[in-house]
Amino acid sequence: MFSRIREDIASIIERDPAARTRWEVLTCYPGLHAIIMHRWAHWCWLHGFKWLGRFISHIARWLTAIEIHPGATVGRRVFIDHGFGVVIGETAEVGDDCTIYQGVTLGGTSLSKGAKRHPTLECGVIIGAGAKVLGGFTVGEGAKVGSNAVVVKEVPAGATAVGNPAHIVQKDVGKQREEATARVFAAYGVTLNSGDDPLATALHKLIDHAGAQEQQMQKILAALNNAGVSCEVLADAARLNPEQLNKLVD
């Protein structure tokens with residue numbers, strides 16, 4: 001047990017630049033306290049002491065503001081940073097080296113008892129603050145979920161899910177797996193710029209295409225006017241402004 005705690009403390013110091021000493025992590029990090037108490041509760045749950053497991057989980061929730069069902073499976077070196085408002089459901093599985101921020105819910109969307117209702121996080125997954133991952137699917141190895149995303153379908157390994165409902169930004173899977181193995185840290189799951197977001201990229205292209213079409217139409221109207229064909233010209237206020245729309249998309 002103590003070797004696991006030392007391992008947890010070392011992983012927190014590695015991933016959190018605010019962590020200064022082992023003693024500080026041991027005494028002042030509610031995420032660590034919640035993980036330790038979950039191990040007690042999970043042992044009770046697996047050995048048939050269901051009520052005791054739930055009671056330990058309840059006490060942990062009261063002390064840390066982090067709720068982990070005793071039936072949930074939590075791997076090694078899992079870091080719950082800040083942690084306030086984190087909820088992890090009964091059939092959730094959290095793999096090794098995952099990072100979970102405050103306000104995260106690993107929730108279920110089914111009422112079927114005994115079914116796999118909650119998500120599985122594979123190794124090295126990062127879930128940003130306020131994100132909701134809902135359903136019995138898998139978030140692949142090295143994947144990231146951006147802050148406040150609402151994820152209701154599977155996330156491939158090495159990808160990033162952003163938005164509500166979340167859409168997938170595919171990354172280099174091989175590279176992401178190497179990063180997951182090395183436990184490279186990405187605060188709050190934020191690794192994107194606007195150029196990585198396929199939705200923003202598509203919108204930019206549509207706006208630019210519409211702007212180019214309007215310019216072409218203006219040239220055609222000018223040619224018709226020169227040829228003596230009278231055409232009605234739209235007021236300036238009704239014309240497309242690609243620069244302004246692109247700024248809104250960013």
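This is a short talk through the structure shown above, which is a predicted model.

Let me begin with the overall make-up, so that the details have somewhere to sit. The chain has 250 residues, of which 41% are buried, and along it there are 7 helices and 15 strands. If we take the contacts between residues at least 6 apart in sequence, 41% of them join residues at least 24 apart. As for the outside, the chain exposes about 13800 Å², and carbon and sulfur atoms supply 59% of that area.

Now to the strands. Six of them make an open sheet with mixed pairing, and the order across the sheet is β3-β6-β9-β12-β14-β15. Which strands stand at the edges? They are β3, residues 79-80, and β15, residues 167-169; each has a single partner strand, so one side of each is left without a neighbour in the sheet. For students new to this, strands of a sheet pair through backbone hydrogen bonds, and the pairing can be parallel or antiparallel. One parallel pair here is strand β6, residues 99-100, with strand β9, residues 126-127, and the two are joined by 2 bridges. Within that pair, T99 stands opposite I126 of β9.

The next residue along from T99 takes us into the interior. I100 is one of the residues that touch the most other members of the largest nonpolar core, a core of 31 residues, and the others in that group are I68, L106, L121, I127 and V151. Helix α3 (30-46), strand β1 (66-68) and strand β4 (86-88) each supply at least two residues of this core. There is also a second, separate core of 9 residues, which includes I9, A19, V25 and I36. Coming back to I100, and leaving aside residues up to four places away in sequence, its contacts include F79, I80, V86, I88, L106, L121 and I127, and also the charged residue D81.

Let me turn to salt bridges, of which the count comes to 8. In one of them D8 pairs with R39, with the closest N and O atoms 2.7 Å apart. D8 belongs to helix α1, residues 2-15, and R39 to helix α3, so this pair ties together parts that are 31 residues apart in sequence. Are the two partners buried or exposed? D8 is buried, because its relative accessible area is 2%, whereas R39 has 22% and therefore counts as partly exposed.

A further salt bridge joins D97 and R77, at 2.6 Å from N to O. Both of these residues are buried, and they link distant parts of the chain, since D97 sits in the loop between β5 and β6 while R77 sits in the loop between β2 and β3, 20 residues apart. This pair is also part of something wider: salt bridges with shared partners join E7, R76, R77 and D97 into one network.

R117 is another arginine worth finding in the picture. R117 lies in the loop between β7 (105-107) and β8 (120-121), and with 15% relative accessibility it counts as buried. Residues up to four places away in sequence aside, the residues that R117 touches include E90, T91, G107, G108, G135 and G136.

On the outside of the model there is a nonpolar patch, formed by W43, F49, W51, L52 and F55, which together have about 580 Å² of accessible area. Helix α4, residues 50-64, gives the largest share of this patch, namely 3 residues. L52 has its place in that helix, and with 35% relative accessibility it counts as partly exposed.

I will end with some backbone details. Most residues other than glycine have a negative phi, and most peptide bonds are trans. Where, then, does this model have a cis peptide bond? The bond from N164 to P165 is cis, with omega near -5°, and P165 lies in the loop between β14 and β15. Positive phi values, near 65°, are found at H82 and at N148. H82 lies in the loop between β3 and β4 and is partly exposed, with a relative accessible area of 46%. N148 lies in the loop between β12 and β13, and N148 is exposed, with a relative accessible area of 56%.

Terms used. Residues are numbered from 1 along each chain as its sequence is written. This is a predicted model: local features need pLDDT of at least 70, side-chain atom pairs count only at pLDDT 80 or more; totals for chains, interfaces and linings use all residues. Side-chain values use heavy atoms; hydrogens and water are left out. Patches are made of residues with over 30% relative accessible area and no salt bridge: like charges are joined within 9 Å, nonpolar side chains (Val, Leu, Ile, Met, Phe, Trp, Tyr) within 5 Å. Accessible areas come from the Shrake-Rupley method with a 1.4 Å probe; for residues, only the protein chains shown count as cover. A salt bridge is a side-chain nitrogen of Lys or Arg within 4 Å of a carboxyl oxygen of Asp or Glu. Helices (H or I, at least four residues) and strands (E, at least two) are DSSP runs, numbered from the N terminus. Buried means under 20% relative accessible area, exposed over 50%, partly exposed in between (1.4 Å probe, protein chains only). Two strands pair if DSSP finds at least two bridges between them. Contact means heavy atoms within 4.5 Å. A nonpolar core is a set of buried Ala, Val, Leu, Ile, Met, Phe, Trp, Tyr and Cys residues joined through side-chain atoms within 4.5 Å.
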